[in-house]
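Visitor: I am new to this structure. Please take me through a single part of it, slowly and closely.

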Amino acid sequence: MNRSLESPPQAFSTDPWKTRIDRAFARALLIPLAVSIGLLALLLGDTVYRSFSVQVVRADEGPGKTYPFGLSANEILRQELLARGYTEEEISSSLQDPTERRVLLLQNRVELMWNTQDGPFRYVVTGLRDERVEDFSLAEGLRRWNELKANLGEGERLVLNPWLDQSFLTRPPSRSPLTAGIGVAIWGTAWVLSLALLIAIPVGVGTAILLEEYLREGTLNRILEVNLRNLAGVPSIVYGLLGLALFVREFGLGPSILAAALTLGLLGIPVIVVTSREALRAVPESLRQAAFALGATRRQVVFRVVVPAALPGMVTGVILSAARLIGEAAPPLLVGAAAYVPFFPNGPMSEYTVVPVQIYLWVSMNIPEFSRVAAAGILVMLAMLSGLYLMALYLRNRFRREW
Amino acid sequence: MEILKQRPSRNPKEVLTFVLLVSLSSVTLLTTLGVILSLVGDVVQFFRRVPLLEFLLAPEWTPLFAEPRYGIAPLIAGTFLVTAIALLVAIPLGLSLAIYLAEYASGSTRPRIKGTLELFEGIPTVVFGYFALLFVTPLLQWAIPDLNIFNPLSAGLVMGFAIIPYVSNVAADAMESVPRSIREAAYALGARPYEVALRVVFPAAISGIIAAIILATSRAIGETMIVAIAAGQRPTLTLDPRETIATMTSYIVQAATGDQPTGSTAFYALFAVGFTLFLLTLLLNILAQWVVERYRERYE
């Protein structure tokens, strides 16, 4: 550690070449950092850029109109259906019946487009069977905007589509990129993650307490440590195989949320153990000794003094491991998240999909529009992760104690 | 503290707490056991149908053909290729970052650099896969015209960046634990900072640095989503980075998402590949620990 040598000392020799080499070396060492940050910026920029596109869409049965900004969703739907030839009565009856209204809204989505051939910020109604005629990248689409607008056919509309919009967050997946959403996957992730943490937290924290506060140097201690170190190095896909063989087949859970949660729970344990141990180790010995001196038993010392003092660090660790579990795609893929799931999960035994798996499936379809859907999905996942990281950062700073 | 730990208690509540903690932590042992047992059962099934020699020596991996061949060589070659490309990126970049962190970074820039690296580590690999396929591959195709859409080159390059933190964190820890007295001795002899870093600290920390590289190799071998997305899923026995290949991990993903009836040889092949992967990464991890123990320079 050279903390006291903040700036490396001036050398005694004055060979000018060595001075130059020295300076160049220090700068060259930072190149990888610059390259990595640049790559990160490129990745983010490319994802954001790809999540917008200019499209020509042919309405399957609708009139291909756009609607002014400020109308209510019901009003837009009413006008759209009127234009399709439905009568007033049919429309108002189906809008009043909650079930029919839900189906209607699922099949015909009112979306705010940033720009259309009729002007900026207009609503369009996107039906399930609407067809995309052409898809242009942002730069090309905007450059050729007027040309495209002039060549629109009957019932076609030109839109600047932000793929990541409010309805993308709540929609179920779809075989058409226009109407595909990430809602089911977000719910699946929430279910799987909370059940997985329910397993990983007690086991991880309990193991950390045992190792730090109870066990002396000895056989059990060594076995647990070696085992944990090796578990941390096992690729996540092997956990997926374990889940497939054990939970899906042996326990007969099938491709369910519970099977995925058990698998991810096991995957999360080593991380939680490591971070919890660090938090426990940061609690000074004097605190323990003071508590023992007051006549506290070991259980009282551990659970009333040490664990409360280490809690902020532990919570931060749990949040960080949750962030890691959210991004895991391989294990859920193996325990059955692959299928196309049109329904929101309603319990631990229901079929499911999670956000990274949904993104993988969209990317691997190898269709340009689905790569735009995938970009929107990635932005959602990165937003979830940054939320968790900010929370961890806040907790770390807010509750940090100097002993 | 060791002294305070040495009084076993007879109080039932104390004993109960201890038993509870031990049973919780036994889950970690059961996990290892579960991984091994669940894989071994299916691996045995596999080798009842396919001779070990074919698995090791046959040059083709075609479980879904009418006349299936089960030679792991193409998958190993694919894994090796992607890993080698990733390490070519990660070792120089990661090690220079580690040197900077340990020798040059001041007290305030160190946590910032480490924070950036953590950020890199936190990005889900499916995002890197997307980036490799849709951004890096078109870029590379512009430079290398006969590059396949799915190729190990772009997957390996992007994976190299993804594993930089694994190299730099462990290597920086190793270099930071080299005692200051050695550095100061070198400075006193008139050495320049770069000479101290390269000729004194680097050799002194070599065991930790090698361990860092081995651990990163193990990560690269087990990395799944980047290769599954960007490197393709066609097992080919080649070392040409322009060809579409399959790695062990990408084959597992492909097989698990396809429909293979439970109990077919192709289904058990999944576990045979998984077990090979497990053994390989486990061996590398043990090797890394052994290197650290065996070649650590001790300064007492």
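Visitor: Where does α5(B) bend, and by about how many degrees?

Guide: First, some ground rules. This is a predicted model, where local features need pLDDT of at least 70, side-chain atom pairs count only at pLDDT 80 or more, and totals for chains, interfaces and linings use all residues. Residues are numbered from 1 along each chain as its sequence is written, while chains are lettered from A and ligands numbered from 1 in the order in which they are written.

Chain B has a mean pLDDT (the predictor's confidence in each residue, from 0 to 100) of 87. In chain B, 95% of residues reach 70 or more. The model's ipTM is 0.91 and its pTM 0.89.

Now the helix (a DSSP run of H or I, at least four residues, numbered from the N terminus). α5(B) bends by about 40° at Val136(B). The bend is the angle between axes fitted to the seven residues ending there and the seven starting there. A proline, Pro138(B), follows within four residues.

Helix α5 of chain B covers residues 125–143. Its 19 residues should span 27 Å at 1.5 Å a residue (1.5 Å times one less than the number of residues). The end C-alpha atoms are 25 Å apart, which agrees.

Val136(B) is buried (20 or more other C-beta atoms, placed from the backbone, within 10 Å of its own). Other buried residues of α5(B) include Phe128(B), Tyr130(B) and Phe131(B). The buried residues pack against α2 (31–50), α16 (355–364) and α17 (368–398) of chain A. From chain B, α6 (152–162) and α11 (225–230) join them.

Notes
Helix = DSSP H or I, 4+ residues; strand = E, 2+ residues; numbered from the N terminus. Buried ≥ 20, exposed ≤ 12 C-beta atoms within 10 Å, placed from the backbone. Contact = placed C-beta atoms within 7 Å.
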